[in-house]
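Subject: Handing over a structure

Hi there,

Here is the structure I promised to pass on to you. Have a look at it first, and then read on for my notes.

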Amino acid sequence: MADMAGNDASKNPETKICEKLKDIKNEKKASDSLYTAYGTKRDSKEIARGYKICCLDKAKASYDVYQDLMSCIVLKNYKKVGIIQKNVDEYIKKDDELEKLINESSKLINELRVKMNEANNAACVMVNCVKECILPPKPKTTKGKKGASEQELPDDISKVSDLLTDIKDKTTTLTTKGQNAFNGVVNIAGIQTFTNTGGLKGFASKLVDTVKIFNDCIAENVKSTEKDVSTYRDELNSIVEELAEVSCTLYSEGSKVKGLYETSKFICEGECREEELEISCECVDKESDCNTTEHMAKQTANED
């Protein structure tokens with residue numbers, strides 16, 4: 001016979017309490033299983049959190065290394081090679097201008113040297129012609145009592161002779177200086193060719209390209225490691241949130257297991273138990289459940 005609530009009215013209180021104890025036992029076993037599962041899940045989240053912390057530390061260390069490289073080495077050297085390339089371009093430009101000036105000077109000095117040689121030759125011809133055709137021959141010397149003495153030339157003839165000698169000496173000197181100047185320009189041209197500043201252009205260009213590749217590589221690593229730091233930070237935060245959720249669920253299941261155990265214990269051993277009720281607690285395997293529950297309750301308490 002059943003009552004209005006659908007319960008079997010024929011069951012006595014002992015039977016109902018025993019059935020309730022079985023329900024508590026089953027619910028406690030389910031909570032025990034969930035507690036174990038969430039404990040395992042929490043341990044895995046703890047390991048994952050440690051791994052993410054390690055990854056974050058490594059990413060930060062790499063980011064700091066590349067930032068230091070960028071600040072202490074790359075930027076200043078990239079700036080320096082730019083200045084070097086600019087100076088080399090200016091040197092090459094000046095070298096081209098110098099080469100043009102050397103060529104022009106060499107041409108002018110060579111023309112001057114030729115004219116000086118012609119002037120010197122003409123002066124020699126003129127001197128010889130004047131001496132042979134215009135000036136009288138040197139007078140013969142006479143010996144006196146006191147020794148030989150050369151007769152002096154007339155003043156006009158002497159002046160002409162001195163002037164011709166001066167002209168010849170000056171043309172000879174100018175010819176020599178012209179030749180020296182030409183030789184000097186030739187030496188300068190040789191030195192200018194030997195310096196070969198144009199050869200520095202390829203070196204400077206290659207240096208700039210190499211440093212630029214290095215700069216781009218470090219800049220890319222700075223960006224990638226910065227992204228890694230942000231990614232690992234987000235993943236760590238996510239793991240921490242999941243760990244907090246799992247821990248709360250674990251503590252909740254642990255409290256539930258402990259509460260069900262205390263409820264079962266109160267029913268079986270409570271001070272308010274009626275002596276007239278003959279409740280058989282053997283139906284719930286009290287001893288086994290109590291040992292397991294006490295262990296888990298202590299573990300939950302320690303974790304709290």
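How many salt bridges does the structure hold? The count comes to 7. Before I go through some of them, please keep in mind that this is a predicted model, and every value below was computed from it.

**The overall layout**

The chain has 304 residues, and 23% of them count as buried. It contains 4 helices and 2 strands. Read from the N terminus, the order of elements is α-β-β-α-α-α. Helix 1 covers residues 13-134, helix 2 covers residues 155-195, and helix 3 covers residues 199-269.

Contacts across the sequence are a good thing to look at next. Among contacts in the chain with a separation of 6 or more, 86% are between residues 24 or more positions apart. As for the surface, the chain exposes about 21,300 Å², and 56% of that area comes from carbon and sulfur atoms.

**Salt bridges between helix 1 and helix 3**

In general, side chains of opposite charge can pair when their charged atoms come close. Three of the pairs are described here, going along helix 1.

One of them joins lysine 256 and glutamate 27, whose side chains meet at 3.5 Å, N to O. Lysine 256 sits in helix 3 and glutamate 27 in helix 1, so this pair links distant parts of the chain, 229 residues apart. Lysine 256 is partly exposed, with a relative accessible area of 36%, and glutamate 27 is also partly exposed, at 36%.

Another pairs lysine 52 with glutamate 235, and here the closest N and O atoms are 2.5 Å apart. Lysine 52 belongs to helix 1 and glutamate 235 to helix 3, so the salt bridge ties together parts that are 183 residues apart in sequence. Is lysine 52 buried or exposed? Lysine 52 counts as buried, because its relative accessibility is 16% and the cut-off for buried is under 20%. Its partner, glutamate 235, counts as partly exposed at 29% relative accessibility.

The third is formed by aspartate 89 and lysine 201, with the closest N and O atoms 3.4 Å apart. Aspartate 89 lies in helix 1 and lysine 201 in helix 3, so parts of the chain 112 residues apart in sequence are tied together. Aspartate 89 is partly exposed, with a relative accessible area of 33%, and lysine 201 counts as partly exposed at 47%.

**Cysteines**

How many disulfides does a search of the whole structure find? The search finds 0. Two of the cysteines can be described by their accessibility. Cysteine 217 counts as partly exposed, at 40% relative accessibility. Cysteine 248 is exposed, since its relative accessible area of 52% is over the 50% cut-off.

**A valine in helix 2**

One more residue to show you is valine 160, which is found in helix 2. Valine 160 counts as partly exposed, with 36% relative accessibility. Its C-alpha atom is separated by 9.2 Å from that of valine 130, and the two residues are 30 apart along the chain.

That is what I have for now. Happy to talk it through whenever suits you.

Best wishes

Terms used:
Residues numbered from 1 in each chain as written. Predicted model: local features only at pLDDT ≥ 70, side-chain atom pairs only at ≥ 80, totals over all residues. Heavy atoms only, no water. Disulfide = S-S within 2.5 Å. Buried < 20%, exposed > 50% of the residue type's maximum accessible area, 1.4 Å probe, protein only. Contact = heavy atoms within 4.5 Å. Areas by Shrake-Rupley, 256 points an atom, 1.4 Å probe, with all protein chains shown as cover. Salt bridge = Lys/Arg side-chain N within 4 Å of Asp/Glu carboxyl O.
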